[in-house]
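Please look through the structure below with its strands, charged side chains and aromatic rings in mind. The paragraphs after it take these topics in turn.

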Amino acid sequence: MKSVEREEARKAQQADVLPEVDRLGVNQLVLTARIAEVSPLRYTPAGLPVLELRLEHESEQQEAGTPRTVKTSVKTIAVGLMAERIGHQALDSCWLFKGFLATTRNAKHPVFHLQDFQPNT
């Protein structure tokens with residue numbers, strides 16, 4: 001019986017964390033990171049600017065009640081005005097990035113699609 005009670009408590013806790021979010025349709029990533037690499041600006045056949053970059057993140061997170069140093073590198077793409085905006089930023093500069101994750105047909109890893117960024121204050 002205790003395992004049933006624990007499962008109900010876990011579900012209640014999850015419901016409290018994101019009470020108004022449709023959990024089946026959420027794909028948002030917010031990440032503080034530095035711009036580690038930037039590819040040359042290119043254009044789609046339709047004329048949209050596209051910029052590929054690599055973001056690097058490092059922080060300390062809590063996992064199972066224990067502090068853990070986390071490092072990650074994320075392939076990122078910016079399209080349209082976002083590509084032009086991010087293309088003017090300095091290499092190694094730190095920002096708060098917002099976007100979503102997607103995987104192309106043949107890719108093995110998701111790519112972060114940039115939708116907005118602002119100074120990391």
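Strands S5 and S6 run antiparallel and are joined by eight bridges. The model in which this pairing appears is a predicted one. One position along the pairing is Lys98, whose bridge partner in S6 is Asp116. Strand S6 covers residues 111-119, and strand S5 covers residues 94-102. S6 also pairs with strand S4, residues 66-79, this time in the parallel sense and over two bridges. On that side, Ile77 has His113 of S6 as its bridge partner.

The pairing of S5 and S6 leads on to the aromatic rings. The structure holds two aromatic pairs. In one of them, the ring centres of Trp95 and Phe117 are 5.1 Å apart and the planes stand at 85°, so this pair is edge-to-face. The angle decides the label, because planes over 60 degrees apart count as edge-to-face. Trp95 belongs to strand S5 and Phe117 to strand S6, and the pair links distant parts of the chain, 22 residues apart. Trp95 and Phe117 are both buried. Phe97 joins these two residues, and ring pairs link Trp95, Phe97 and Phe117 into a cluster.

Phe117 has a charged neighbour as well. Arg85 lies over the face of the Phe117 ring, at 4.2 Å from the ring centre. Which acidic side chain does Arg85 meet in a salt bridge? The partner is Asp116, with a distance of 3.4 Å from N to O. Asp116 lies in strand S6 and Arg85 in helix H2, so the salt bridge ties together parts that are 31 residues apart in sequence. With a relative accessible area of 29%, Asp116 is partly exposed. Arg85 is partly exposed too, and its value is 37%. Asp116 thus appears in two settings: as the bridge partner of Lys98, and in the salt bridge with Arg85.

How many salt bridges does the structure contain? The count comes to five. Among them is the contact between the side chains of Asp92 and Arg34, at 2.1 Å from N to O. Asp92 sits in the loop between helix H2 (81-87) and strand S5, while Arg34 sits in strand S1 (residues 29-38), so this salt bridge ties together parts that are 58 residues apart in sequence. Asp92 has 48% relative accessibility and counts as partly exposed. This follows because partly exposed is the class between buried, under 20%, and exposed, over 50%. Arg34, at 27% relative accessibility, also counts as partly exposed. Both residues belong to a wider group, since Arg34, Glu56 and Asp92 are linked in a network of salt bridges.

Another salt bridge is formed by the side chains of Arg42 and Glu52, at 3.3 Å from N to O. Here Arg42 is in strand S2 (residues 42-43) and Glu52 in strand S3 (residues 49-63); the two are ten residues apart, and the pair links distant parts of the chain. Arg42 counts as partly exposed at 39% relative accessibility. Glu52 is likewise partly exposed, with a relative accessible area of 25%.

Read together, these contacts return to strand S6. Strand S6 is joined to S5 by eight bridges and pairs with S4 over two. Phe117, in strand S6, is part of the ring cluster with Trp95 and Phe97, and the face of its ring has Arg85 lying over it.

Note on methods: Residues are numbered from 1 along each chain as its sequence is written. This is a predicted model: local features need pLDDT of at least 70, side-chain atom pairs count only at pLDDT 80 or more; totals for chains, interfaces and linings use all residues. Side-chain values use heavy atoms; hydrogens and water are left out. A salt bridge is a side-chain nitrogen of Lys or Arg within 4 Å of a carboxyl oxygen of Asp or Glu. Helices (H or I, at least four residues) and strands (E, at least two) are DSSP runs, numbered from the N terminus. Buried means under 20% relative accessible area, exposed over 50%, partly exposed in between (1.4 Å probe, protein chains only). Two strands pair if DSSP finds at least two bridges between them. Rings of Phe, Tyr and Trp (its six-membered ring) pair if their centres lie within 6.5 Å; planes under 30 degrees apart count as stacked, over 60 as edge-to-face and the rest as tilted. A charge sits over a ring if NZ of Lys or CZ of Arg is within 6 Å of the ring centre and within 35 degrees of the ring normal.
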